[in-house]
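Visitor: Please take a close look at one part of this structure, and explain each term as it arises for a reader who is new to it.

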Amino acid sequence: MSELSYARYGKDNIRLYKVHKDPSTGIQSVVEMTVCILLEGDIDTSYTAADNSVVVATDTQKQTCYILAKQNPVTPPELFAAIVSDHFVQTYSHIHAAHVKVIVHKWSRMTVEGKPHPHSFFRDGEETRLVEAVAREGKGISLKSGIKDLLVLKSTGSAFYGFHRDEYTQLPETWDRILSTSVEAHWQWSLFPTLADVKKEIPKFDQAFVDARTITMETFAKDNSASVQNTMYKMSEQILAKAPLVEAVSYSLPNKHYFEINLSWHKGLKNTGKDAEVFAPQSNPNGLIECTVTRKGPKSKL
Ligand SMILES: O=c1[nH]c(=O)c2[nH]c(=O)[nH]c2[nH]1
């Protein structure tokens, strides 16, 4: 005998674009996102007994996403994700949880002849803004925000020495190395009891995103890094200090290695240590350093 242990279903890769047109100024603003919706609830019989009466079709979920985008603001993405997830648990008595992920794709306003252009945009980097909302019936809305694919590099100001050495160790210590990573960071908000509680905090979401991005970049640039581990901990601490409603910050940072190349075989060229100028960027393998940092003491309440 077998039984269904867990199930959820929905629509992934819902592509959505919304334009806001200000008739008084002619200025337009655009948002492009990718949405994933997954529903949980009393849906077991659709799997075990071919009972489709409990299925809110994934097409319905997609149409709902478009309708809610038309009827509500899509920014900040935390608000939109909360609205969509809350909708499913409020609307369907047999749906008890809705997971909504939003990826916001970057469109930055063009500067043309020195002025911000009213309706033209460009992609200045692949970095995305992320939100994961989970609405659970009677248990509130959980929100996790993030940033992903922010590629950074510093050409000095990073060391790595004093690490454990044994018969498996070949890596030399270094007091000056290249440090490069593709930043993925998330910050978990304290639980919001209702959608109205999310709405009360709207300005905090964009502020936290700007602060997290600025802290990440400034700490990366300014810290005389002892290791990826130590630098990412310093970033996390500062985000927690800036955003009182955030209860946990996590980072996932690949250490993208740049190897020195010994060119002494060619006419004694000096290209190692302090003379190193030409390096070989490595696509793999890479280090992968992760952490989650929370506040000490009792959990904060909203
Ligand atoms: O910052 C670093 N952390 C490590 O854990 C590690 N391991 C390694 O080989 N290089 C580095 N760099």
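Guide: The account that follows begins at the ligand, moves to the elements around it, and ends with some features of the backbone. The model is predicted: local features need pLDDT of at least 70 and side-chain atom pairs count only at pLDDT 80 or more, while totals for chains, interfaces and linings use all residues. Residues are numbered from 1 along each chain as its sequence is written.

The ligand is surrounded by Phe160, Leu171, Ser227, Val228, Gln229, Asn255, Gly287 and Ile289. Here a residue counts as near a molecule if its C-beta atom, placed from the backbone, lies within 6 Å of it. By class, this shell has four nonpolar, four polar and no charged residues. Ala, Val, Leu, Ile, Met, Phe, Trp, Tyr, Cys and Pro count as nonpolar, Asp, Glu, Lys and Arg as charged, and the others, Gly among them, as polar.

Phe160, one of the residues of the shell, lies in the loop between β7 (140-154) and β8 (179-189). Helices (H or I, at least four residues) and strands (E, at least two) are DSSP runs, numbered from the N terminus. Phe160 is buried, as 20 other C-beta atoms lie within 10 Å. The term buried requires 20 or more other C-beta atoms within 10 Å of the residue's own, exposed means 12 or fewer, and partly exposed lies in between, with C-beta atoms placed from the backbone. Leaving aside neighbours within four places in sequence, Phe160 is in contact with Glu173, Thr174, Arg177 and Ser227; contact means that the C-beta atoms of two residues, placed from the backbone, lie within 7 Å. Its C-alpha atom is separated by 15 Å from that of Asn286, which is 126 residues away along the chain.

Helix α6 (residues 228-242) has a partner in helix α5 (residues 202-222): their axes come within 9 Å and cross at roughly 145 degrees. Such axes are lines fitted to C-alpha atoms, for helices over the stretch in contact, and angles run from 0 to 180 degrees between N-to-C directions. Asp211, Ala212, Ile215, Thr216, Thr219 and Phe220 in α5 meet Thr231, Lys234, Met235, Gln238, Ile239 and Lys242 in α6. This contact of α5 with α6 comprises five nonpolar, four polar and three charged residues.

Two features of the backbone concern the peptide bonds. The bond from Asn284 to Pro285 is cis, with omega near -10 degrees, and Pro285 is placed in the loop between β11 (279-281) and β12. A cis peptide bond also joins Thr75 and Pro76, with omega about -10 degrees; Pro76 is found in the loop between α2 and α3.

Two further features concern phi. Most residues other than glycine have a negative phi, and most peptide bonds are trans. Asp149, in strand β7, has a positive phi near 65 degrees, and Asp149 is partly exposed, with 14 other C-beta atoms within 10 Å. Ala50 likewise has a positive phi, of about 55 degrees, although it is not a glycine. Ala50 belongs to the loop between α1 (44-48) and α2 and is exposed, with 7 other C-beta atoms within 10 Å.
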